[in-house]
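Trainee: Could you take me through one part of this model in some detail? I'd like to understand the strands, and then whatever sits around them.

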Amino acid sequence: MLRVENLVVRYGPIEAVKGISFEVGQGEIVSLLGPNGAGKTSTLAALMKLIVPQAGTITLAGEDISAVGAAQIVRRGMTLSPEGRRVFPRLSVEKNLLLGGMVLKDWRNPEVLNRMYARFPILHERRNQLAGTLSGGEQQMLAIARALMSSPKVLLLDEPSLGIAPKIVAENFDLICELRDEGFTILLVEQNVFQSLSISDRAYVLENGRIVASGDSDDILKSDLVRHSYLGVADPIEAA
Ligand SMILES: Nc1ncnc2c1ncn2[C@@H]1O[C@H](COP(=O)(O)OP(=O)(O)OP(=O)(O)O)[C@@H](O)[C@H]1O
């Protein structure tokens, strides 16, 4: 569903992503892991053209979207729930949601909004409230719901558990699994390595802009590299 080849992202002299290649199959959850500064957010931003990559080929559902801009990428079926949620704090919950589908022709179609409210009743309850007044967990829910408003095929999730309470984190991971079961294809960036690997099918580990490990999530969880470098424990199964 998503294939990335030789992606390079530079900020002036800093090469943040150094020619990485990976793919996400239809209906998979794939984790992109790695320490702070590894290049995870830069990769997602480049996929959505929020920053322009210096090189690389991006293929979405068989179509080359390397030269396609952000709005068109959303129309073609890929959206991002960004790190730090980035809801518009002074707009209502409903307006935040509508913005998620606004690049589509039928963005005013009430069915789309109603479907989202049926999935997230709390957002319906709070639809007239300013987004900035929601709790962290609710804002995260809103960011994911906003990304779903354009009915994407591929969902990019950047740190959906960052800064929210453990109970809500567990609910978010359940939601991500539900979305996979409904057929969404998900690329998940997470600091929460155990939980991320426990729900994903496969994973890539980024370090200093390069992929240093990849494979089935179960194998990555057991690998020495991840155990020692990223999890900091001798036995992650015991620790979990
Ligand atoms: N706007 C920017 N200008 C200059 N350098 C940047 C910019 N954004 C990121 N970088 C640098 O690019 C590298 C990769 O950063 P990036 O945010 O993609 O990593 P990350 O893996 O997402 O880390 P984190 O989990 O901390 O967000 C880092 O060295 C970072 O300092």
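Mentor: Here is a walk that starts at one strand and moves outward from there.

Keep in mind that this is a predicted model. Let's begin with β3, which covers residues 29-33. Is this strand buried or exposed? Five of its five residues are buried, so β3 is largely enclosed by the rest of the structure. The cut-off behind that word is 20 or more other C-beta atoms within 10 Å of a residue's own. Look at how the side chains alternate: Ile 29, Ser 31 and Leu 33 point one way from β3, while Val 30 and Leu 32 point the other way, and all are buried.

Now, which strands does β3 pair with? One is β8, residues 185-189, joined to β3 in the parallel sense over four bridges. Another is β9, residues 202-207, and here too the pairing with β3 is parallel, over four bridges. Ser 31 is a handy marker for both pairings: its bridge partner in β8 is Leu 188, and in β9 it stands opposite Ala 203.

Next, have a look at the open sheet of four strands, which runs in the order β2-β1-β4-β5 with antiparallel pairing. β2 and β5 (63-64) are at the edges with a single partner strand each, so one side of each has no neighbour in the sheet. Strand β1, residues 2-11, pairs with β2 in the antiparallel sense over eight bridges. If you want a register point, take Leu 7, whose bridge partner in β2 is Ile 20.

β2 also takes us to the ligand. Both β2 (14-24) and α1 (40-47) give two or more residues to the shell around the ligand, and α1 supplies the largest share, three residues. The surrounding residues are Tyr 11, Ile 14, Ala 16, Gly 34, Asn 36, Gly 37, Ala 38, Gly 39, Lys 40, Thr 41 and Ser 42. Sorted by class, that shell has four nonpolar, six polar and one charged residues.

Two loop residues deserve a glance while you have the backbone up. Most residues other than glycine have a negative phi. Lys 49, in the loop between α1 and β4 (55-60), has a positive phi instead, near 65 degrees. Lys 49 is partly exposed, with 18 other C-beta atoms within 10 Å. Ala 61 sits in the loop between β4 and β5, and its phi is also positive, at about 45 degrees, although it is not a glycine. With 15 C-beta neighbours inside 10 Å, Ala 61 counts as partly exposed.

Last stop, a pair of helices. Two packed helices are described by the angle between their axes and the distance between the axes. For α3 (residues 93-101) and α6 (residues 136-148), the axes come within 7 Å and cross at roughly 35 degrees. The crossing of α3 and α6 is right-handed. On the α3 side, the contact uses Val 93, Asn 96, Leu 97, Leu 99 and Gly 100, which meet Leu 142, Ala 145, Arg 146 and Ala 147 of α6. Those contact residues divide into six nonpolar, two polar and one charged.

Terms used:
Residues are numbered from 1 along each chain as its sequence is written. This is a predicted model: local features need pLDDT of at least 70, side-chain atom pairs count only at pLDDT 80 or more; totals for chains, interfaces and linings use all residues. Axes are lines fitted to C-alpha atoms, for helices over the stretch in contact, and angles run from 0 to 180 degrees between N-to-C directions. A crossing is left-handed if the near helix is turned anticlockwise from the far one by less than a right angle, and right-handed if clockwise. Two residues are in contact if their C-beta atoms, placed from the backbone, lie within 7 Å. Ala, Val, Leu, Ile, Met, Phe, Trp, Tyr, Cys and Pro count as nonpolar, Asp, Glu, Lys and Arg as charged, and the others, Gly among them, as polar. A residue is near a molecule or strand if its C-beta atom, placed from the backbone, lies within 6 Å of it. Two strands pair if DSSP finds at least two bridges between them. A residue is buried if 20 or more other C-beta atoms lie within 10 Å of its own, exposed if 12 or fewer, and partly exposed in between; C-beta atoms are placed from the backbone.
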